[in-house]
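Open the model in your viewer and show it as a cartoon, with side chains ready to switch on. The stops below each give a selection and what to look for there.

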Amino acid sequence: MSKIIQAFLTGLFFTFIFDFFLFLGIKENYIDFHNIEVYYNILFADHQNIFIFFFFTVIIGFVVIYLPNKIAITFVGFLALLSASTLLPPVGQKLGEMILMQKNITLKTKKFSYHGDIYYNGRKNVTFYDYELKKVIILPKNKIEGDY
């Protein structure tokens with residue numbers, strides 16, 4: 001097997017593992033914290049950025065295959081700690097907010113207007129915290145008018 005293919009497959013393997021822990025921390029510390037009903041697989045699949053994933057696949061593969069072992073172990077170890085840090089509640093919560101939350105949004109349906117934060121924009125529903133009601137509500141996407 002050529003070194004380029006080996007580097008790509010190695011990078012793909014490590015990137016997938018790091019990505020898994022990144023989203024596991026978001027699921028445990030943001031999604032579950034807000035009682036949002038979404039499966040891990042849907043969260044993982046819907047919020048992947050193929051360009052970032054491919055970028056890290058190439059970089060990690062290059063580092064592991066072409067650079068000396070000490071550098072590769074240090075780099076991969078650092079990324080492992082970084083991705084596993086989302087399992088710590090404050091880190092996972094903050095990263096979940098950065099990726100998933102939209103603050104100070106107004107949503108309109110035919111009857112009502114809601115002002116608050118979008119906690120999670122799912123496939124069929126929007127999990128929304130309304131400032132006036134002071135509670136989390138689930139709004140079906142097909143009932144929301146306009147863009148948000």
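The tour starts with one helix, then moves to the cores and ends at a hairpin. Keep in mind throughout that this is a predicted model.

**Stop 1: helix α4**

Select residues 69-84, which form α4. Place a distance between the end C-alpha atoms: they are 22 Å apart. That agrees with expectation, because 16 residues at 1.5 Å a residue should span 22 Å.

Now show side chains. Which residues of α4 are buried? They are A72, V76, L79 and S83. These four cover an arc of only 60° around the axis, so they sit on the same side of α4. Turn to the other side: K70, I73, T74, F78 and L81 are exposed there.

Add residues 3-31 and 50-66 to the selection. These are α1 and α3, and the buried residues of α4 pack against them.

**Stop 2: Q93**

Go to residues 89-100, helix α5, and pick out Q93. Is Q93 buried or exposed? Its relative accessible area is 14%; the cut-off for buried is under 20%, so Q93 counts as buried. Leaving aside residues up to four places away in sequence, Q93 touches N29, Y30, F33 and H34.

**Stop 3: the largest nonpolar core**

In soluble globular proteins, nonpolar side chains tend to be buried together.

Select I26, Y30, I31, I36, L43, L100 and Y120. They have the most contacts inside the largest nonpolar core, which has 14 residues. Color by element next: α1, α2 (40-46), α5 and β2 (113-121) each give two or more residues to this core. The biggest share comes from α1, with 4 residues.

Center on Y120. What does Y120 touch, not counting residues up to four places away in sequence? The list is I31, I36, V38, I42, L43, H47, L100, N125, V126 and T127.

A second, separate core has 9 residues. Select I105, I118, V126 and I144, which are among them. V126 is thus in this second core and is also one of the residues that Y120 touches.

**Stop 4: the β3-β4 hairpin**

Stay with V126 and show the backbone. V126 stands opposite L139 in β4. Extend the selection to residues 125-130 and 135-140, strands β3 and β4. They run antiparallel, joined by 6 bridges.

Finish at the turn. The hairpin has 4 residues between the strands. Pick K134 and check its backbone: phi is positive, near 55°.

Conventions
Residues numbered from 1 in each chain as written. Predicted model: local features only at pLDDT ≥ 70, side-chain atom pairs only at ≥ 80, totals over all residues. Heavy atoms only, no water. Expected span 1.5 Å × (residues − 1). Buried < 20%, exposed > 50% of the residue type's maximum accessible area, 1.4 Å probe, protein only. Arc of directions from axis to C-beta. Contact = heavy atoms within 4.5 Å. Pairing = 2+ DSSP bridges. Core = buried A, V, L, I, M, F, W, Y, C linked by side-chain atoms within 4.5 Å.
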